[in-house]
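Colleague: I have a model open beside its sequence, and I would like to learn how to read it with some care. Could you take me through it one feature at a time?

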Amino acid sequence: MDEATIIEAARSGDVAAFNQLVMTYQGLAYNVAYRMMGNADAAADATQDAFLKAYKALGGFRGNSFKAWLLRIVTNTCYDYLRAGKRKPTTNLDDVLADSEHSWRLVAHDERPEAYAEREELNRLLQWAINQLPPEQRAVVILVDVEGLSYEEAAAALGVALGTVKSRLSRARVRLRDLLQQEEELLPARYRLKTEKPFRV
Amino acid sequence: MSYHTPSELSDELLSAYLDGQVTATERARIEKALAEDPEVRERLATLQWSVSLLREAPRLAVPRAFTLSEADVLAAGGKVKGVSQPGWMERLLAGLSRAMPAATAAVAVLLLLVMGVDLLGGRSAQPQTLGMEAPAESIAAQATQAPTPQAEMIRPAPEAAVTVVVEKVVEATVLVEKAVTGKEVTEALAPPAPSEADETEPKALEVQKESAEAEAATPESLAEEEPVGGAAAMAEEAPTESAVASTEAPSPTQEVVERATSAPRTEETAQLQPTAPPVEKAAQPQPTASQPSSIPTPWRLLELGLLLLLVVMIIITFWLRRVRSKI
């Protein structure tokens with residue numbers, strides 16, 4: 001059954017059909033929510049809330065990109081949570097690095113434990129840097145650079161113009177670059193910048 | 001086309017260049033700058049490095065499935081195929097059943113507060129009434145329980161009366177003897193008033209009578225039997241002697257007999273009257289606030305109203321539960 005048929009069945013009140021969509025997009029939705037919230041538990045709450053809103057709002061889906069439409073609901077739910085002050089992401093690097101008993105788990109690869117540990121270190125530092133960004137820049141860099149959406153998809157997901165995506169993304173990238181260069185020694189060796197003269201603004 | 005110096009190339013343009021989001025003209029300019037200016041190359045390289053890190057960001061595993069249940073959907077107000085949507089009545093009942101327990105608890109708390117205020121207000125007014133009642137209560141308690149000096153003076157009237165009569169008669173006898181012996185003749189020269197002289201014998205007889213009655217009424221007074229008997233004998237003697245002495249020395253005997261009769265007479269009145277009235281008189285307190293007024297206070301009315309409301313709300317709560325369980 002193709003996605004359009006499933007969506008139509010879900011729109012008529014078929015919860016089981018909607019759950020097929022949930023199983024397809026829950027990984028994407030949860031990872032976006034995690035990068036936005038900076039916290040695994042808050043991300044789970046936001047994701048569940050977003051899917052419930054999506055089910056109730058299916059009547060307003062106009063048949064364009066379901067992925068972009070769903071991500072818009074996810075990001076808006078995360079904005080609401082952040083505005084309400086429910087869970088603010090940690091911006092202290094020491095706290096992030098000391099978070100040894102975190103509740104999140106990486107998708108397992110067929111890799112050595114040392115490689116898994118390196119990916120965990122990368123994840124911590126990246127999330128710390130992302131947490132420093134304002135929510136609007138954070139959403140753009142997550143959708144485009146982390147999740148690989150195009151500028152158009154990101155503009156549709158965020159409900160903003162293409163130029164807005166471009167400007168927010170560039171500012172986010174410049175800020176992230178400066179932060180990551182600042183703490184480059186905390187990165188595993190294979191992730192460090194190989195130039196001898198690091199760029200300084 | 002004007003040539004822009006490489007330093008005028010913004011990071012935004014370089015960022016867009018990374019994603020291919022530039023025009024042909026912008027691309028040419030940027031590529032020329034990259035070829036000529038190492039600083040532009042450095043800026044682009046670091047931007048590219050940070051973007052590549054973001055693209056390598058590890059994916060997190062979902063902690064659980066985020067699938068929805070029909071119950072979750074219905075609870076959130078969503079529609080489910082094959083499940084009839086609750087009408088306004090069901091929604092109203094659902095809302096009421098959620099609100100009723102809390103509202104009932106609030107009414108119960110309010111009722112307790114009102115009762116507490118009423119109780120404290122009643123107790124604060126009681127010390128005055130207690131002060132007024134205490135003597136009466138104490139007297140009543142004394143009258144009904146342990147005998148006290150006051151109660152003894154009131155209650156065991158027959159015994160006390162007899163004792164007093166005896167004492168007075170003895171005193172009278174002594175005075176009469178003195179009068180007969182003539183020791184106080186000079187003082188007794190003043191003739192008595194006729195009414196008083198006529199009353200002495202009946203009074204004396206009454207004394208004799210009363211003493212006999214008192215003796216009969218007190219079987220317990222064995223210890224005083226002889227004195228009583230003696231007093232009775234003396235009482236018998238006293239009137240006769242007083243009657244004899246009255247012709248010669250009326251004043252002292254009159255005084256003696258009057259004393260003898262006045263005391264028994266007072267005791268007689270105390271004896272005849274039941275013990276209850278004095279106690280009752282003492283126990284008749286002033287109307288106080290402890291006596292419930294027939295008109296309920298505003299606080300009592302409020303308590304009754306809240307109690308009725310609480311009962312009604314409890315009934316409604318249980319009824320709603322029953323109705324919703326059937327739906």
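**Reading chain B and its contact with chain A**

Modeller: Let us begin with burial in chain B, where 29% of the 327 residues count as buried. Please keep in mind throughout that this is a predicted model, and that the values we discuss are computed from it.

Colleague: Which helices and strands does chain B have, and how many of each?

Modeller: Chain B has 12 helices and zero strands, and accordingly its elements, read from the N terminus on, run α-α-α-α-α-α-α-α-α-α-α-α. To see how such a chain is held together, one can turn to the contacts in chain B with a separation of 6 or more, of which 81% are between residues 24 or more positions apart. The accessible surface of chain B comes to about 20,100 Å², and carbon and sulfur atoms account for 61% of that surface.

Colleague: Turning to the interface, how many residues does each chain bring to the contact?

Modeller: Chain A brings 55 residues and chain B brings 41 residues. The area buried between the two chains is about 4,400 Å², with 65% of it given by carbon and sulfur atoms. For polar groups, the search finds 16 residue pairs in polar contact across the interface, with both residues at pLDDT 80 or more.

Colleague: Which elements of chain A make up the side that touches chain B?

Modeller: Those that give two or more residues are α2 (15-37), α3 (40-56), α6 (113-131), α7 (135-146) and α9 (162-182) of chain A, and α2(A) gives the most, with 12 residues. By class, this side of chain A has 29 nonpolar, 13 polar and 13 charged residues.

Colleague: How many salt bridges are found, over all chains and across the interface?

Modeller: The search of the whole structure finds 15 over all chains, and three are found across the interface of chain A and chain B. One to look at is the salt bridge between Arg59(B) and Glu147(A), whose closest N and O atoms are 2.5 Å apart.

Colleague: Where does the salt bridge between Asp145(A) and Arg173(A) sit, and are its two residues buried or exposed?

Modeller: The side chains of Asp145(A) and Arg173(A) meet at 2.7 Å, N to O. Asp145(A) lies in helix α7 of chain A and Arg173(A) in helix α9 of chain A, 28 residues apart, and the pair therefore links distant parts of the chain. Both Asp145(A) and Arg173(A) are buried.

Colleague: Why does the pair of Arg59(B) and Glu147(A) join two chains?

Modeller: Arg59(B) lies in the loop between α3 (38-55) and α4 (70-75) of chain B, whereas Glu147(A) lies in the loop between α7 and α8 (151-158) of chain A, so the pair joins two chains. As for cover, Arg59(B) is partly exposed, with a relative accessible area of 33%, while Glu147(A), at 14% relative accessibility, counts as buried because that value is under 20%.

Colleague: What does the salt bridge of Arg55(B) and Asp19(B) link?

Modeller: Their side chains meet at 3.3 Å, N to O, and the pair links distant parts of the chain, with Arg55(B) in helix α3 of chain B and Asp19(B) in the loop between α1 (11-18) and α2 (24-36) of chain B, 36 residues apart. Arg55(B) counts as partly exposed because its relative accessible area of 48% lies between the 20% and 50% limits. Finally, salt bridges that share partners join Asp145(A), Arg173(A), Asp19(B) and Arg55(B) into one network.

Terms used
Residues are numbered from 1 along each chain as its sequence is written. Chains are lettered from A and ligands numbered from 1 in the order in which they are written. This is a predicted model: local features need pLDDT of at least 70, side-chain atom pairs count only at pLDDT 80 or more; totals for chains, interfaces and linings use all residues. Side-chain values use heavy atoms; hydrogens and water are left out. Contact means heavy atoms within 4.5 Å. Buried area is the accessible area (1.4 Å probe) that two parts lose on being put together, summed over both. A salt bridge is a side-chain nitrogen of Lys or Arg within 4 Å of a carboxyl oxygen of Asp or Glu. A polar contact is a pair of N or O atoms within 3.5 Å; within protein, one must be able to donate a hydrogen and the other to accept it, and residues adjacent in sequence count only if both atoms are side-chain atoms. Helices (H or I, at least four residues) and strands (E, at least two) are DSSP runs, numbered from the N terminus. Ala, Val, Leu, Ile, Met, Phe, Trp, Tyr, Cys and Pro count as nonpolar, Asp, Glu, Lys and Arg as charged, and the others, Gly among them, as polar. Buried means under 20% relative accessible area, exposed over 50%, partly exposed in between (1.4 Å probe, protein chains only). Accessible areas come from the Shrake-Rupley method with a 1.4 Å probe; for residues, only the protein chains shown count as cover.
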